[in-house]
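Visitor: I am new to this one. Please take a close look at a single part with me, the sheet.

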Amino acid sequence: MDAEVDMTEPLVVDGTGMLCVRLLIKLRGVVAQADPGTVVHVLTTDPAAPIDLPSWCHLTGHEYLGPVGEHPAHVVHAVKVTAGARRTRPDRPWHLEPESGPSD
């Protein structure tokens, strides 16, 4: 039996012209709706993106796959959505949402 190959295209977040805070807010919304294992290509023009994207992935638990392409107008970075990743606040992508648990 042949192994199944995932032929789905990666999701794309167009962050061209955005500073990282707006870009991360947009990325946060996309990964929140994506299934674990989904690869998201993030188009960036912000020179801080190569620092901010891996840092945000480290904070949340998603997997930063690195730059996967460069075009004259933008750089493409890949992020893999992981199960059990920590969510950030909708308006503040650098702040984790409080964990819900039993109240005392």
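To begin, how many helices and strands are there in the protein chain?

Guide: The protein chain has two helices and six strands. Keep in mind that this is a predicted model. Read from the N terminus, the elements follow the order β-α-β-α-β-β-β-β.

Now the sheet. Four strands build it, and it is open. Their order is 1-2-4-3, with mixed pairing. Strand 1 (11-15) and strand 3 (63-70) are the edge strands. Each of them pairs on one side only. From one strand to the next, the twist averages 25 degrees.

Look closer at strand 1. Strand 1 runs parallel to strand 2, residues 39-44. Five bridges join strand 1 to strand 2. One place to find on screen is Val 12, which stands opposite His 41 in strand 2.

Just before that strand, take care. Over residues 1-7, pLDDT stays under 50. For residues 1-7 the model has zero contacts beyond four places in sequence. Where pLDDT is low, the predicted coordinates should not be read in detail. Over the protein chain, pLDDT averages 88, and 88% of the residues score at least 70.

Last, step back to the protein chain. Of its 104 residues, 30% are buried. About 6900 Å² is exposed, and carbon and sulfur atoms supply 55% of that area. Take the contacts between residues at least 6 apart in sequence: 62% of them join residues at least 24 apart.

Key
Residues are numbered from 1 along each chain as its sequence is written. This is a predicted model: local features need pLDDT of at least 70, side-chain atom pairs count only at pLDDT 80 or more; totals for chains, interfaces and linings use all residues. Side-chain values use heavy atoms; hydrogens and water are left out. Buried means under 20% relative accessible area, exposed over 50%, partly exposed in between (1.4 Å probe, protein chains only). Contact means heavy atoms within 4.5 Å. Accessible areas come from the Shrake-Rupley method with a 1.4 Å probe; for residues, only the protein chains shown count as cover. pLDDT is the predictor's confidence in each residue, from 0 to 100. Two strands pair if DSSP finds at least two bridges between them. Axes are lines fitted to C-alpha atoms, for helices over the stretch in contact, and angles run from 0 to 180 degrees between N-to-C directions.
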